[in-house]
Amino acid sequence: MTPTRTFYGLRHGATDWNREGRFQGRTDNPLNEDGLRQAHEAVDMLRGAGISRIVASPLARAARTAEIIAAAISVPLAIDDGIIEFDFGSFEGPPVRDLMIKHGVNSATGLVSILPADGESWDAMTERSLACVSAWLDRHPGDDLLFVCHDAVMQGMANALSGSYFRNSHGTPFRYVRDGAQWRIEQVVT
């Protein structure tokens, strides 16, 4: 399912596992001090963007990031399992770099190609995420929506919509821009 219009995405603030470069997936780690700071800094970038509703993943790192932003810009917040992080299966926990070296890959595309069979499929994650975003956009046609979620979710949607991955930093908002039949991902700058 393809969304019908432009929307915003934001990767949650950082956790200790992010700083350690670990596959985090569904492990429910809290934001660290950097992550809390990033959530507050995202408010400044989003304050003038016209966001009128926020939807977040249920994992603590995304939900807390979204709570900080929603409170600061006074918009409603909902939690939706449809944008929960990718299930990395047996890759959960080890450093990403170690597994990339072990499997001889050096790109996002290469990383997707080595994901273990005991986790979620990349295509299934992308489909559920796009279906979630599409449903929220359809239910709230007058709202500009921000989805606070995770790197894999945002990358899967970006690749499905625009044909490529992008550099996605913690607490940095992006717009998924629909321009006719084409999509592009652009960073929100103030």
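## Two buried cysteines

At 0% relative accessibility, Cys149 falls in the buried class. Since this is a predicted model, please take that value, like the others here, as computed from the model. Cys132 is buried as well, with a relative accessible area of 7%.

How many disulfides does the model contain? The count is 0. Cys132 takes part in none, and the nearest cysteine sulfur to its own, that of Cys149, lies 8.6 Å away. Cys149 is likewise in no disulfide, its nearest cysteine sulfur being that of Cys132 at 8.6 Å. A disulfide needs two cysteine sulfur atoms within 2.5 Å, so a pair at 8.6 Å does not qualify.

## The nonpolar cores

Let's turn to the nonpolar packing. The largest nonpolar core is made up of 34 residues, and Phe7, Ile83, Phe147 and Tyr176 have the most contacts inside it. Two or more residues come from each of helix 4 (96-103), helix 6 (122-139), strand 4, helix 7 (151-162) and strand 5. Helix 6 is the biggest giver, with 7 residues in this core.

Which residues does Phe147 touch, leaving aside its neighbours within four places in sequence? Its contacts are Phe7, Tyr8, Gly9, Leu10, Val55, Ile83, Val133 and Trp136. There is also a second, separate core of 20 residues, and among its members are Tyr8, Val43, Ile51 and Ala56.

## Helix 2 and its two faces

Val43, a member of that second core, is also one of the buried residues of helix 2. This helix covers residues 33-46, 14 residues in total, and from first C-alpha to last it reaches 20 Å, close to the 20 Å expected at 1.5 Å a residue. Its buried residues are Gly35, Gln38, Ala39, Ala42, Val43 and Leu46. Why do they count as lying on the same side of helix 2? Because they cover an arc of only 155° around the axis. There is a general pattern to keep in mind here: an α-helix has 3.6 residues a turn, so residues three or four places apart point the same way.

The face turned away from the buried side of helix 2 carries the exposed residues Glu33 and Asp44. What do the buried residues of helix 2 pack against? Their partners are strand 1 (7-11), helix 1 (16-19), helix 3 (60-73), strand 4 (145-149) and strand 5 (173-179).

## The start of helix 2

One last detail sits at the start of helix 2, where a side-chain oxygen of Asn32 comes to within 3.1 Å of the backbone nitrogen of Asp34.

Note on methods
Residues are numbered from 1 along each chain as its sequence is written. This is a predicted model: local features need pLDDT of at least 70, side-chain atom pairs count only at pLDDT 80 or more; totals for chains, interfaces and linings use all residues. Side-chain values use heavy atoms; hydrogens and water are left out. Helices (H or I, at least four residues) and strands (E, at least two) are DSSP runs, numbered from the N terminus. The expected span of a helix is 1.5 Å times one less than its number of residues. Buried means under 20% relative accessible area, exposed over 50%, partly exposed in between (1.4 Å probe, protein chains only). The arc is that of the directions from the helix axis to the C-beta atoms. Contact means heavy atoms within 4.5 Å. A polar contact is a pair of N or O atoms within 3.5 Å; within protein, one must be able to donate a hydrogen and the other to accept it, and residues adjacent in sequence count only if both atoms are side-chain atoms. A nonpolar core is a set of buried Ala, Val, Leu, Ile, Met, Phe, Trp, Tyr and Cys residues joined through side-chain atoms within 4.5 Å.
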